[in-house]
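Visitor: Please give me a close look at one part of this model. I would like the packing there described in detail, with the cut-offs behind each term.

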Amino acid sequence: MASEDTKDLAIAPPSLAKLIVGPLALLAMGSVWGLGFALSKVAREAGAHPVGLIIWETLGSGSLLLLVCAMLGRYPRPQWLYLRNYVINGLLGFTIPGPILFWAAPHLPVAVLTLMIPMAPLLTYVLILCLRVERFDIFRALGVIAGFAGVACIVLPESSLPEPGQVGWVLLGLGAASFYALQNLYIALHSPPDSDVLTQTTGMLLVAGFMALPLAAGLDGFLLPTFPMTVPVQAAAAMLVINAGMMMLFVWVVRTVGPVFASMTANVITVAGVFWGWIIFQEMVSPWIWVAIAAMALGVGLVTLRRATPATPPES
C-alpha cells in the first residue's frame, strides 16, 4: 500500500464529491471488471489458451500503465528490493492464479467465477491469524465463516450449479483465490518503502507477463494479434483495456476515498458477474448462488470494515 506522503494520480476531492464520485467509481470498477470475467469466458470458449490471455492482461495492461508512468515522470524502480517485490507479486497475483481462473472460465457460470474474488480478503484474514500477525477478532472471524458458508451454498446443494461436475472447477477457482490471499499478505508485510500503487502495479504486471512467456512457449499458448481480429483477440484486447483502465481508477479510489472503500469493489464484481452472465450467456443462477453472494458480501464487510489490532501492541 502506498505511503501517506506518496504522490499519486489525483488530489483528494472535497467531501461532497467523495460521497458522489466514490460510489460511482466503485460501481464502474465492479461492473467493468465483472465484464472482464465474462470476456475471459468468451475468449476461452473461442479457443484462447489461458496463458495467452494472461500475457495480454499483464504485458498489455502493464504497457498502457507504463505510458501513464511516463506522463507522470514516475517509473517502476530497477533496484533489487523493488524487482523482488514485482516478481513475487506478479507470480502470486497473475502468473499463477490468472491461468487457473481462465482455465476454469468455460466450465463455470460467470457469477460463480467472480465469486472467487471476494474470497481473497477472507482467506487473507485466515493467513493473518495463522501467522499471528493480528489479534483474533470475533467479528472478522464471523466474516470468514460467512464467506465459507457462501462457498458451501455453491458446492453442497445439488441445484446450486448447472452441473454437479462443476464443483471441482469451483474448488480449483478457490485455489486461485488462495494465491490472491498470499499476495495480499505479502503486500501488507513486505511492500518496499516509499513505493506507490501505480508504479508497483505497473512493475508487477510487466514482470508477471515476462514470467509467463516461457510457459506460453512451452504450452504453445500464445494468442497472436490478427487483423481482422478474431473473437479471442477481440476479447483479449478488451480485457487488456479494461484491466489497465480499472487499475488506474482503483489507484484513484484508494488515494482519494481509501483502501477499505476500494476493497468493496469485490462485492460489486460478483453482482455484475450475474448481470453479464445473463446478458452474454443467458445464464440464470440458482437461489443458492444469490445466498452465496449475500453471505460473501457480509463476510467481506465484516473482515474489511473492522479495524485490525496487531498481535503485539507497539511499545509506548
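Guide: What follows starts with helix packing, then turns to aromatic rings and a few single residues.

This is a predicted model, in which local features need pLDDT of at least 70 and side-chain atom pairs count only at pLDDT 80 or more, while totals for chains, interfaces and linings use all residues. Residues are numbered from 1 along each chain as its sequence is written, and side-chain values use heavy atoms, with hydrogens and water left out.

Start with helix H2, residues 50-72. Helices here are DSSP runs (H or I, at least four residues; strands are E, at least two), numbered from the N terminus. Two packed helices are described by the angle between their axes and the distance between the axes. The axes are lines fitted to C-alpha atoms, for helices over the stretch in contact, with angles from 0 to 180 degrees between N-to-C directions.

H2 has helix H10 (residues 231-256) as one partner: their axes come within 8 Å and cross at roughly 45°. That makes H2 oblique to H10. The classes are roughly parallel under 35 degrees, roughly antiparallel over 145, roughly perpendicular from 65 to 115, and oblique for the rest. The crossing of H2 with H10 is right-handed. Handedness is left if the near helix is turned anticlockwise from the far one by less than a right angle, and right if clockwise.

Which residues meet? From H2 they include Leu53, Trp56, Glu57 and Gly60. On the H10 side, Val233, Ala236, Met239 and Leu240 are among them. Contact means heavy atoms within 4.5 Å. The residues of this H2 contact with H10 divide into 14 nonpolar, 3 polar and 1 charged. Ala, Val, Leu, Ile, Met, Phe, Trp, Tyr, Cys and Pro count as nonpolar, Asp, Glu, Lys and Arg as charged, and the others, Gly among them, as polar.

H2 also packs with helix H9 (residues 197-219): the axes come within 8 Å and cross at roughly 150°. H2 and H9 are therefore roughly antiparallel to each other. H2 passes H9 in a left-handed crossing. The contact of H2 with H9 divides into 19 nonpolar, 8 polar and 1 charged residues.

H10 also holds Gln234. Gln234 is partly exposed, at 42% relative accessibility. Buried means under 20% relative accessible area, exposed over 50%, partly exposed in between (1.4 Å probe, protein chains only).

Now the rings. Rings of Phe, Tyr and Trp (its six-membered ring) pair if their centres lie within 6.5 Å; planes under 30 degrees apart are stacked, over 60 edge-to-face, the rest tilted. By this rule there are 4 aromatic pairs. In one of them, Trp103 and Trp169 have ring centres 5.3 Å apart and planes at 90°, so the pair is edge-to-face. Trp103 lies in helix H4 (residues 97-104) and Trp169 in helix H8 (residues 167-190), 66 residues apart. Trp103 is partly exposed, at 44%. H4 as a whole is mostly covered, with 7 of its 8 residues buried. Phe102 and Ala104 are among those buried.

Phe275 and Trp276 also pair edge-to-face, 5.1 Å centre to centre with 70° between the planes. Together with Trp278 they form one aromatic cluster.

Last, a loop residue. Ser160 sits between helix H7 (138-155) and H8. Ser160 is buried, at 4% relative accessibility. Neighbours within four places aside, Ser160 contacts Cys153, Ile154, Val155, Ser286, Trp288 and Ile289.
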